[in-house]
Number of protein chains: 4
Amino acid sequence: MISEGELVFIWNPQKGDSFLFKLKSGQTQGTHFGQIKHDDIMQHNFGDGVRMPKGAVYYIMRPTIGEYTRRLKRQTQIVFPKDSAYIIEHLNIFPGCTVVECGTGSGSLCCTFAHFVGANGRVCTYDRREEFSALARKNAERWGVADRIEFNVRELEEGFKERDADAVFLDVPTPWLYIDKAYEALAPGNHLGILVPTANQISETLRALAEHNFCDVQVLEIMHRFYKTEPNRIRPEDMMIGHTGYLIFAAKTLPIAEITDEEAAQREYTDHECVGEVQNESA
Amino acid sequence: MISEGELVFIWNPQKGDSFLFKLKSGQTQGTHFGQIKHDDIMQHNFGDGVRMPKGAVYYIMRPTIGEYTRRLKRQTQIVFPKDSAYIIEHLNIFPGCTVVECGTGSGSLCCTFAHFVGANGRVCTYDRREEFSALARKNAERWGVADRIEFNVRELEEGFKERDADAVFLDVPTPWLYIDKAYEALAPGNHLGILVPTANQISETLRALAEHNFCDVQVLEIMHRFYKTEPNRIRPEDMMIGHTGYLIFAAKTLPIAEITDEEAAQREYTDHECVGEVQNESA
Amino acid sequence: MISEGELVFIWNPQKGDSFLFKLKSGQTQGTHFGQIKHDDIMQHNFGDGVRMPKGAVYYIMRPTIGEYTRRLKRQTQIVFPKDSAYIIEHLNIFPGCTVVECGTGSGSLCCTFAHFVGANGRVCTYDRREEFSALARKNAERWGVADRIEFNVRELEEGFKERDADAVFLDVPTPWLYIDKAYEALAPGNHLGILVPTANQISETLRALAEHNFCDVQVLEIMHRFYKTEPNRIRPEDMMIGHTGYLIFAAKTLPIAEITDEEAAQREYTDHECVGEVQNESA
Amino acid sequence: MISEGELVFIWNPQKGDSFLFKLKSGQTQGTHFGQIKHDDIMQHNFGDGVRMPKGAVYYIMRPTIGEYTRRLKRQTQIVFPKDSAYIIEHLNIFPGCTVVECGTGSGSLCCTFAHFVGANGRVCTYDRREEFSALARKNAERWGVADRIEFNVRELEEGFKERDADAVFLDVPTPWLYIDKAYEALAPGNHLGILVPTANQISETLRALAEHNFCDVQVLEIMHRFYKTEPNRIRPEDMMIGHTGYLIFAAKTLPIAEITDEEAAQREYTDHECVGEVQNESA
């Protein structure tokens, strides 16, 4: 049986419509095929289908963090799963790590970070606006990860409080003004991630990264193309998302140590086994 | 100082070439600009730049799981970061969860799963070929996650040993033959993921999913488009990866419980607050 | 002054809305900013802006064949400019040539062919349904190219009447059933083009092409990605067309002439100047 | 029989390699499977396969303008068929029209324009460098369209000689400096096209277009995605062209005529039949 307080994701095969909500005794959820009492759902298990009056069925599924962030209450543009998935990977998020981000916004990326850092990890998020911070906290509480997140209301000009963070992410309109703050907060050898919607912002950001000690800079955009699911008529959907934003990544380096000529002379080129060379567009 | 046994990722800004290797006293790493002694690197910290004889610099960075899997020793096609990132998200992997996958191959996806499930999670991987299993184990040991992985050498006809897994993934040539085995292993309400390179395989797989109790089926492909990093000349790279594979996802449901007419009559449509409706092409 | 009977395309910069119509004295065109009398437009020249009551302006432009086909009256799915442009090029349409196509549909591709073959060229179009043929003729008359088109109402089982056509195009649900008919109509060494919406249809069509004497087969899809036009915020539109159809092209060959061993012996490999080799993914 | 002086395109199904050359008695063409004498080809017809010593076959096909431009002798970057096809369509090229372009470069776009304007049309091309003009002329002669092209060697600062051109195209590094010259040459209500490789250039160009009387501005990029042609394994090619350039289009308008309040008062909104409204991302 599914308990009160759990998040459920219900999905109907006829219309493909779906709802994501928290179970609370006495409440009902409206759907296109009628009302479902939360108490009825609590009589079921995950995976069960709840039959509606005229035969329609809603299946009860566990919500995913991707589905959750896509639907959370928002007052700002959010970071969508197509982008957040790769952010998680390229920033090398792992259970127990510490991530610093600005701005908090509605908390979509913040919740995703918190999901992946786990109970022993920590997300330190910053936003200058109190109301966004409050909204994000509410969204994080709903997903059950608020205790892993430290919500800061602060102007980024003051910088981050953290040092040696495992990863830093900037989702602000003028990231190039805060590259120094991101540098301060990040552990050397680790990655900074940035999301900007326009190509003009890429230019500004690249210039700022070049002025600080960042290397291995990558800029990319991610396109997801969904297909219809009729086996005899495999084809992409008519419409697709054309753009959300550009992702920029870079690794923090330290000023270069000098070596003596003697040391240098010892290093000569020989062929060596190595794991492999980088391809810039490697999939 | 970086310790012996650590994985390092070194990167040179002039050629953009890079190497990923494990530090071992007495060894050297060949590069395009000469040899680097591992012992020299152990005199440095992450983020440092190591200067080569003729002035070239290699920066020492922490490798990411994405970079690692992209470069691991392989005898098979691997699952690339562009796809694995979204697999991690859509299967709702979280620290401490249990994932079941087949086939192991060279272990790229297996290592990525192990990275994200953390020390308290578990990855149960299957492959019919002993040599792939052994290679994957070696790759997992190198990344330091082999203890989270259970390597099974087994024909998939025998099925998985696990039940109620948090997620199941199939990367085999004929996934449609094993949808029943995946169903058995997966917890109701949770997601199965599948990777296939061709559209013909999508058709077959969709037919098999329809015959079992799966719902919320999604088929998509992911395109990553990298940009050159010259601020005054923002433009995509000339060439890009055109295709790796199609991703298929579906959620396991249970046979539908009947309701009495009386129960049904109580459910009528009303407008209700809900988190939001699904858009099929949601970013 | 623009004459009665001319097609005009009017466009408003504020809303970006536009209309395409034929001038007729006494008529008016409704817009979002009020009515425009056709007689008023006839007082202007192409390029002029017509000012509306509250200050809005509609500019009068020459319609393009692309804009025209995108907006023509339709009862069927049409071939969009993004695809028709490349069809024109890859079928090597030229002024004065003869093109054969099936089916006529609403006449979008038919009008485009007629535009590019010019007054000395000929388009022979086939459709089994009288009403489509009539609609397409009306659309062609409006564009002023109906006299270059021969409208045939005929089942494709009977084949085309033409032989040695410069190009043949099939836009029918089951093109694989009519590859023999296309072969008959086409001049050897020239190209057949086919449009299908699904990957399953690609498979069937490729099998049929392989059974007949076609070579240099190409399958592709074309994606157009539009950008917003604000100079300080260069970025793609939020949504884009995800799919219209797959294009298949092939060249007709004849049964292979045998050569004697003597002749064969004379042909040995030497290095030679040549214009260049094909790249499969050539841009 | 194919005559001396004709261009032929030969293609081999095993390797997919191909050559495009002009037939001249006494010459031979080297291939991967041996030499072919031009005189042998002249014993055949288009569509025929020429058998090589060890059984390989080259089919003789009519070259297309797309294939030709892709392979022409070049000293510059060329405009590829994927882009030129849509340029032809959006500039509304038709048999008999006059097109003005700068710069000539190696003549790829110039030959394509000449192909589509036909024997009664005219292409006026400009380049500041004599050697490009000479190369382009040679390429145009080879394709047989040089007599439709007027080659001008001139600095664009001097402007175009033409007025009321049906279409104008700019493929120069700084098109924003010559928007006024393009405006002068173009007929009102007609389209200007521009190709730029970078997003920064889009910004500059959009600013210049806004300062002159251009409207209906469109910016887009075109992606062609080729598929493998094995019917049982339908899937895109592993690699694809990631970028060639961005296309910008705009229509020339004239200064706006004023209307009296009286005239304005007569124009009120009513619903009217119209061909349809524009969708910005129309396929």
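Student: Which strands of chain B does helix H5 lie across?
Tutor: Helix H5 (residues 130-143) of chain B lies across E1 and E2, contact meaning heavy atoms within 4.5 Å. Its direction is at about 90 degrees to E2(B) (axes are lines fitted to C-alpha atoms, for helices over the stretch in contact, with angles from 0 to 180 degrees between N-to-C directions). Helices (H or I, at least four residues) and strands (E, at least two) are DSSP runs, numbered from the N terminus.

Student: Any caveats?
Tutor: This is a predicted model, where local features need pLDDT of at least 70, side-chain atom pairs count only at pLDDT 80 or more, and totals for chains, interfaces and linings use all residues. Residues are numbered from 1 along each chain as written, chains are lettered from A and ligands numbered from 1 in written order, and side-chain values use heavy atoms, without hydrogens and water.

Student: OK, what's the strand order in that open sheet of chain B?
Tutor: E2-E1-E6-E5, four strands with antiparallel pairing (a pair needs at least two DSSP bridges).

Student: Which strands are at the edges?
Tutor: E2 (18-22) and E5 (49-51) of chain B; each has a single partner strand, so one side of each lacks a neighbour in the sheet. On average, neighbouring strands are turned by 25 degrees against each other, direction ignored.

Student: How many bridges join E1 to E6 in chain B?
Tutor: Three, between residues 7-11 and residues 57-61. Phe9(B) stands opposite Met61(B) in E6(B).

Student: Switching topic: what rotation superposes chain C on chain D?
Tutor: One of 180 degrees, with 0.0 Å of shift along its axis and RMSD 0.0 Å (least squares on C-alpha atoms of residues with pLDDT of at least 70 in both copies). That's a two-fold axis relation.
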